[in-house]
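The following exercises ask you to read helix geometry and packing from a set of coordinates. Work through each task before turning to its solution.

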Amino acid sequence: MDETLHHESLQTQTVEDAAHASAQKNPQEVGATASLKHLLKTRELALPSERERQSAMRLTEIIRQLVVQLEQNRPGVLRDHSPLVERLSLHIGNAMGMTLREISQLQLACLAHELTHPGGPHLTLSSLNADSSCALLAQQQLDNGIEFQLPPSSTSLLKQRFEAFDGSGLPRKLHAEGILLGSRILAAVDAYVDFRRSLRNPSGRILSKKDALSKLQEGNGKLFDPRVLETLQETLNSTPLRKALIQDGRWLLLASPHRERVQELRKITEPMEWTSRSSAVLDDVLDVLQDSGVAALCLDLAFGDEDIRALAEYIRLHPTSAALPIFLIGKPQNKNIAANLEQAGVDAFLPLPLDASETQKTIRTRVEHHIAMGALGQTIYGSYEEIEPAELFELLSQQKKSGALWVRTAKLQGKAFFEQGNLVFASWENKTGQQATKTMISLVHAEFKFIPNALWVAPPET
């Protein structure tokens with residue numbers, strides 16, 4: 001690695017890596033490095049750090065709106081390129097253990113990559129490999145960037161999206177793990193969607209899902225990370241989307257400065273059909289507390305009992321999270337500290353070393369009770385690329401789901417309402433009932449969203 005590249009690598013090291021490294025050196029000092037009480041006070045006063053956070057969120061939405069406007073001028077299925085790249089990339093990133101902060105960096109890069117070639121051809125690793133004459137144009141796109149000043153982490157992801165896994169890519173010929181994980185994910189997903197959505201891909205025609213994956217496999221280990229391709233295959237087999245639909249969009253939040261502990265918890269909770277996300281810093285936990293999709297929070301004692309107590313009290317003071325189950329990974333040896341944490345709002349302790357059976361039982365019991373008491377679900381977004389339409393309707397029926405399913409193509413849309421798995425109403429343009437359902441199931445490309453427990457109100461009789 002040359003000196004310039006080494007410097008860039010140091011600049012783009014994530015906060016999560018720093019937090020994990022700090023925890024390994026001295027776990028007892030993790031809480032002291034950034035007092036949660038200070039973070040809470042900062043949020044209340046809207047000081048510069050919080051304003052920067054809000055600014056980043058606004059930037060994401062601005063870029064999203066620009067991409068939407070850009071795609072309005074595209075024909076047919078090309079309009080679905082950006083949301084599909086974004087959603088598949090985030091599924092893969094989460095499945096591969098990326099933290100909340102890394103996921104948000106990847107999300108911004110996925111959206112912004114559409115703005116790096118205004119009026120020019122859409123290039124991918126596959127197209128560069130098929131036509132070496134595109135290399136100069138690709139380098140120009142990398143040099144020009146976009147008009148917005150993105151955070152350095154997202155900018156680095158964009159700059160490395162043409163790097164090949166074997167070291168033959170652009171611009172620095174980085175190799176394997178030397179390429180940022182987010183860039184490896186974006187490169188594979190962007191190439192896949194290009195094969196599925198654009199006539200200008202290297203094949204010159206829109207490929208089937210199977211053929212598109214076969215094309216990517218030709219570059220396995222050469223252009224693309226084998227682990228990324230494997231996870232993409234699982235994602236396209238509807239694994240993450242099935243879990244989200246089964247759990248009404250709810251998920252577990254695992255917060256620990258120890259990466260290996262998060263991985264262990266993921267394995268333990270995986271058989272429970274729950275999707276989980278992780279964070280290495282408490283500040284990111286605060287960002288998702290108001291998210292109705294969080295079904296439970298697992299906090300590592302390594303963050304420090306004072307910060308954990310402050311966070312638990314904060315959670316209990318807010319109506320949307322007041323009943324959220326809070327589990328503490330580890331148990332204080334001091335009985336008074338343990339009692340104080342329970343008084344602040346910690347529901348249960350998960351003693352170390354973790355016992356898989358007992359951990360599953362503790363989490364399942366509390367979460368199921370939380371849901372039974374009316375915990376809200378979350379709208380689930382997906383596409384027929386991630387799950388076959390017949391499988392989607394069958395899953396909602398088998399799982400006895402209640403809610404509204406909205407399906408749309410580039411120009412048309414329809415809806416279907418379920419009550420305890422029974423389809424009670426369906427419409428598609430001027431069709432209703434069975435005809436509308438058949439039309440929605442017969443579509444090849446479509447986006448959808450499912451809103452759990454949404455009610456269908458029959459129109460008044462005239």
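**Exercise 1: one helix and its partner**

Task: describe the span of helix H17 (residues 305-317), and then characterise how H17 and helix H18 (residues 335-344) pack.

Solution. In this predicted model, H17 has 13 residues and reaches 18 Å from its first C-alpha to its last, which is close to the 18 Å expected at 1.5 Å a residue. Turning to the packing, two helices of this kind are described by the angle between their axes and the distance between the axes. For H17 and H18 the angle is about 20°, and the axes lie 8 Å apart. Because angles under 35 degrees count as roughly parallel, H17 and H18 are therefore roughly parallel to each other, and their crossing is left-handed. The contact itself brings Asp305, Ile308, Arg309, Ala312, Glu313 and Arg316 of H17 against Ile337, Asn340, Leu341 and Ala344 of H18. Finally, the buried residues of H17 include Ile308 and Ala312, together with Asp307, Ala310, Leu311, Tyr314 and Ile315.

**Exercise 2: the buried side of a helix**

Task: identify the buried residues of helix H20 (residues 389-398), and establish where around the axis of H20 they lie.

Solution. Pro389, Leu392, Phe393, Leu395 and Leu396 are the buried residues of H20. They cover an arc of only 160° around the axis, so they sit on the same side of H20. These buried residues pack against helix H14 (239-246), strand S7 (403-408), strand S8 (413-419), helix H21 (433-442) and strand S11 (447-452). Just after H20, Lys400 adopts a positive phi of about 55°.

Definitions and conventions. Residues numbered from 1 in each chain as written. Predicted model: local features only at pLDDT ≥ 70, side-chain atom pairs only at ≥ 80, totals over all residues. Heavy atoms only, no water. Helix = DSSP H or I, 4+ residues; strand = E, 2+ residues; numbered from the N terminus. Expected span 1.5 Å × (residues − 1). Buried < 20%, exposed > 50% of the residue type's maximum accessible area, 1.4 Å probe, protein only. Arc of directions from axis to C-beta. Contact = heavy atoms within 4.5 Å. Axes fitted to C-alpha atoms, helices over the stretch in contact; angles between N-to-C directions. Parallel < 35°, antiparallel > 145°, perpendicular 65-115°, else oblique. Left-handed = near helix turned anticlockwise from the far one by under 90°.
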